[in-house]
Amino acid sequence: MKGTVMFLCMAAVLNPLVHALDTRNPLDTRNPWDTKWIGHKWDLAADWSDAANPDGVWEMGRTVSQGCGDWGGPTGKKITSWQPYATEFDGDQPAWVFGENELPGWARCVAEPPATAGVSLGKGDVFTVGWSMARWASPVYGRIRCSGSVWCAKDVDPDGKSDVWVFENGGWVATMPGGRHQVGLLDATHTRSNPVAFAHEFNVAAGQPVGLFIGSEPISSPADLVGCNMAIEVLEVWSQPQAKPDPGKWITLTRQTGRTNIAVSNDAIPEVRFTSGEAVYIETLRGDQWVGCYWSPEDGRMPFYARWTAPAFEIETAFEADAQTRVMLDCGWRWVGAEELERTDRGARHHVVKLSNMNYPVTVDVHTLLDGTAVLTRWLAIANTSDDRVALTGVSPWCGRPWPQPSAFTLGYMSRDDITYEGWFDWKPLPAGEITSIACDKGQGFDDPFFVVRNETNQEYVIGHLAWSANWEMQFQNSDGLFVKVGPKAVNPQRVLAPGETIITPAVHVGFVQRGFDAAVQAMHDHIRHFVKPQCPPERAFRIQYIMPGDTPLAHYKFADFTAENIIKSIDVAAAVGAELFLIDAMWWESTAQECRQGDWLKPARERFPDGLRPVVEHAHKKGLLVGLYGEIERLYGMQSEAAQAHPDWILPKNVLDMTKPDAAAWAEAQLTAMIEQYDLDMFRVDYNPVFTFEGPSTQQGPFLENNYWRYYEAVYGMYERVHEKYPDLILQQAAAGGARLDLGIAGRFHEDFPSDMGYIPRVLQIMSGASVALPPERFVLANGAQGDGAGLDTRLRIIFSLGTPMFFPSCAPVTLGELSPNLQERFLRYAGIYKEFMRPILPTSRVYHHAPVSASGGVESSPWFAMEFTDPTGSRGWATLVRLLPETASDSYLFQPKGLDRSKSYRVTFDSTGERVVLNGWQLVNEGLRIPLERQFFSELLLFEAR
C-alpha cells in the first residue's frame, strides 16, 4: 500500500504537465490518441512567448547541477533587459532567467545584434546561456521527430566548448538519465551559417518531455551563448486502448493470487509491475526502449524514488540485404499491447508484453512467468515480419541492473569447465569500472550457466540460470551499480528466421533475494522443484538405486562378463541391501574389438544376452525393483550399427547424431520410445559423451552460415518433452559425460542428474557442495565409491543416503549374496531405513544450508571440512552430514552450528556414529553449536534433529 501511495503522488506531479498542454491552441482538447495529431508541428522560435513560461507545451528551464543535467524547474523570472549581455544588443533584450544572478536564461532575439558585438544571431533566433534546458511536453501517444540545429552564438571561453544533448524521458519525473542523445561539442567554428544539425525520432506518451540540454565541457568552463532551433512533428499516433481508466492509477490485469501479482500502468508510459514472492520487478517503455527500472527483494513495497534505466533484453540481427552487417536492436520499440495467458500446468502466471520495432521488420513478445517464489522466468518470442531472411546473431533474453548504486559486488559461479569438475563453485570480486565475462566456448562444458551475485553493501543477492545447453556468456559490469546480461553465444548467427517465422529463445530464471546466501539458494531450489523439473509420481521419486555398469574399473562384471546371468546375481544383491531400482548401465549392446553396434538399441549383445534383456527386467520386477536402462540416444558411436551404415549423412563429428535433420531426430525418438516399451522400463538413463564439441557444425541458410546448436536443442528438448508426456511414470535421468549438462535446458527436462564418476573423497563431496548451490540436492545421484579412496563403509553409507537420491555403486556392496553377511546387510538396511523413514519425506521440500566447503564466503577448495544441513520448512526435523576431507586441519574437531532449526524449540539430537541421543534447546544449538570430533581424514558424522 505504501508503494501505491508513492506512485500516485509521483504521478500527480506529472499529470499537470499532461493537462496544461497548448492553452493557446484548440488542439489541446483533442484526444491524445486522436490520429488527427499526425503531421502537426511545433517550433521553438515560432511558439515563443514573452508572457508565460511554461507556455503550453513549451517551457524554458535550468539544470539542477552542472554535471547531472536533471531538470531544475522553469526559469520563472521575466526581465525586459538582460543585463549580463546588454552590450551585445541594441536596446532591451527580454529574457526568462533564473534567480537574482540572472543565469542561466533563455531569450528570443528581438533585433539583429550589431556587427561589432561578435554575436552570431539573427532576429527571431532563440538562444540560451547554459546550464539550461528547453522542454516540450507531448500531447499525444505516438511517435515524433525532433529536429533542428545548434551553434555557438558567442564563444565566451575559447578553452571550453558547449555540450548539447537532445533528451527524451519516459520516466515519471522529469529527469534526463537513460534517454539522452548527444548532438555534439560546439566551438567557435559552429556559427549560425555552420550549425550542427540533429534529427531524432522517439516514442512518446502524453505528458512525456522531450528537449534540449546545453552545458559546458569541461564543467568548470563558463557557458557560451548558444543559438537553438528545434521543431517537433507528430509522425504516428498509437491506437487507443479499448478501456482507458482514470489516469495515474494501476490496473491489476487479474486478481492477485497468493504471492503473485501482475499490474500495468495506464498513464503516460506503458509499464508492467511483477510481484512474485517477496520480489518486485518493474519494466517500462522508456522512449523507444523496453527497459527494467526497478528491483526489490523485500515485501512488495515499492519505494518510488528508486528508479533507473537498463535494457530488459538485447537482440542483435543481420538482414538478408546486407548479411555481413550486424544491427543491434536496442531501440525503435513501440508498445503493441500486453496480456495474461492461461496459467501453466503448475499454476504459474504467464504474462506477455508485445513490442514491434519501427526501424526493422522484427517483433518481440516478452514472456514472464511468476510462480510465487522470488525467481521469475523470462524468454522472448522473436518474429521476422519481412519477406526476407533475418539472422539472429546475438541475444540476451534478460538483461538488468539489479542495483543502480555503486557498491562492492562478489560473483559466485562454476569456475572450471573441464571434465570431472562440474559444480566447481567459487567466489570472486567484480572489479569496479570493469566488465567481467564468464563464458563457455566448448559446446559442452562442465560449468553450467549459473550465477549468484552478492551486494556487499546491503547483503542482497541476485541468483540466476540460463536454460541452455551449448555455448553461452554472462557479463557483469560493475559501473554505477551492477549491470548483468545473460544469453547463448555462437560465432556464426545462432538462428536464421525465414519470412514470417517466430522462434523462442532460451529462458533465463532470475531471482532477487534478501536474507543471505542460503535464502537465495533455497529460493532457486523451490523454483526448480515446483515449476521447472518435470513431475514424477511420488511412489517413484527418489528411489534407492543400484547401478550396474560394465565398463568401469571397479565394476564387478566388465565387458565379456557383463552378461544376463551375472546381472541377475547383482539384482539379488541389490534387493538384499535395500535398493528399490536396478539400473543396467553401459555395455549391454554388442561391443567387441571387432564390432561396436551402439545404436542398435533394440538388439542387445547376442552372446551375452541370448534372450535379450527381458529375462533380466522380469527378474528385477519379481524382486520388487524398478528397472532402468542406459542409452546414448543422441550419438551413433557404433559405426557398425544398422543406422550408421544406412545413414552416414546423419553423423556429425564425434559421432553426434544430427538432430537438426527431421528424419534423424524422428529415428532417435522412435528408438527411445521403442526401448521403453520393449524392455518395460521404469527409468531411462541418457548419456551424451562427445566432449568437447566447441562451436559445432554450421549450415548455410541463404546468405548466412547458421550455427546448428539452436535447431539441435530445439529437437532434443522437444524429444524429451514428448517422451515425458507419453510416459508420465517414466523416470528420466541425465548423465551427460557426468555433469556436462547440469544447465536447466537439459536438467529442466529430467528428474535426476548424474555427476561424473569421480566418486572419491574429497572430489565427490566438493562436487556435491558446489552443484547443490545451483540445483536441489535430491536431483543428484552420486557415483560414490566409483573410485577408490580408503573411506570406511559408514562414511560411504552416510554420504550415499544423506546427500541426495541414493545410489549404490557395485564397489560399495558385495559381489554375490554369499558374501553378504547378516551384520553387513544390517548396516545397509539401517541406513536405507533412516533414509526412507526420516529423510525422504523431508527431502523434496528441504531447506538446504551450505556450511563447508561452499558457503557464503568460500568455494569448493576453501575448507578441509564438508558440512551440509537439511531441514524441513518448519525447522522441526532435519539432519546434517559432516566429513573431514583432508588429513591436515587446524583442529581434529568441527564446530557445527545449525542454521535451519527453531531457537524456540527443543530437539532430540542423534549422533549416528555412537547412537547417543541428547536433548538440547534450539537456542543453544544455533548459537553455541556442537563440537564434533573427526580425528582422521574421511571420518564422518551424521546428526539427526527432531523437535520435542
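Are D585 and R685 buried or exposed? In this predicted model, D585 is buried, and R685 is buried too. The two side chains also meet: D585 and R685 form a salt bridge, with their closest N and O atoms 2.8 Å apart. Side chains of opposite charge can pair when their charged atoms come close. D585 sits in the loop between β40 (581–584) and α4 (614–622), while R685 belongs to strand β42 (residues 683–686), so this pair ties together parts that are 100 residues apart in sequence.

That pair is one piece of a bigger tally, since the structure holds 46 salt bridges. Some of them link up: R495, E501, E706, R711 and E714 are joined into one network through salt bridges that share partners. Within that network, R495 bridges to E501, and the closest N and O atoms are 2.7 Å apart. R495 has a relative accessibility of 4%, so it counts as buried. Another salt bridge brings together the side chains of R454 and E456, at 3.0 Å from N to O. Here the partners sit in rather unlike surroundings: R454 counts as buried because its relative accessibility is 8%, whereas E456, with a relative accessible area of 29%, is partly exposed.

What about a charged residue without such a partner? R401 is buried yet has no salt bridge, and the nearest side chain of opposite charge, that of D480, is 6.1 Å away. The side chain of R401 does reach backbone oxygens, though: that of S479 at 3.1 Å, and that of D480, also at 3.1 Å. Setting aside neighbours within four places in sequence, R401 is in contact with W295, W308, T309, A310, S479, D480, G481, L482 and F483.

R401 lies in strand β28, and the strand itself is well tucked in. In β28 (residues 398–403), 6 of the 6 residues are buried, so the strand is largely enclosed by the rest of the structure. Strand β28 runs antiparallel to strand β35 (residues 482–488), and 4 bridges join the two. One of the paired residues is W398, whose bridge partner in β35 is V486.

Parallel pairing turns up elsewhere. An open sheet of 7 strands follows the order β46-β45-β42-β41-β40-β39-β47, with the strands paired in parallel. At its edges stand β46 (752–753) and β47 (807–808); each has a single partner strand, so one side of each is left without a neighbour in the sheet. Further in, strand β39 (residues 545–548) and β40 run parallel and are joined by 4 bridges. Q545, for instance, has L581 as its bridge partner in β40.

Then there is the greasy part of the structure. In soluble globular proteins, nonpolar side chains tend to be buried together. The largest nonpolar core here has 215 residues, and W290, F313, I315, I382, F425, F476 and W588 touch the most other members. Helix α7 (residues 709–726) gives the most to this core, with 10 residues. Apart from that core lies another, of 34 residues, including L44, V57, V126 and V234. For a closer look at one member of the largest core, take W588. Neighbours within four places in sequence aside, W588 is in contact with F562, W601, P604, A605, R608, F609, L613, L629, Y630, M675 and Y679.

Notes. Residues are numbered from 1 along each chain as its sequence is written. This is a predicted model: local features need pLDDT of at least 70, side-chain atom pairs count only at pLDDT 80 or more; totals for chains, interfaces and linings use all residues. Side-chain values use heavy atoms; hydrogens and water are left out. A nonpolar core is a set of buried Ala, Val, Leu, Ile, Met, Phe, Trp, Tyr and Cys residues joined through side-chain atoms within 4.5 Å. Buried means under 20% relative accessible area, exposed over 50%, partly exposed in between (1.4 Å probe, protein chains only). Contact means heavy atoms within 4.5 Å. Two strands pair if DSSP finds at least two bridges between them. Lys and Arg count as positive and Asp and Glu as negative; His and the chain ends are not counted. A salt bridge is a side-chain nitrogen of Lys or Arg within 4 Å of a carboxyl oxygen of Asp or Glu. A polar contact is a pair of N or O atoms within 3.5 Å; within protein, one must be able to donate a hydrogen and the other to accept it, and residues adjacent in sequence count only if both atoms are side-chain atoms.
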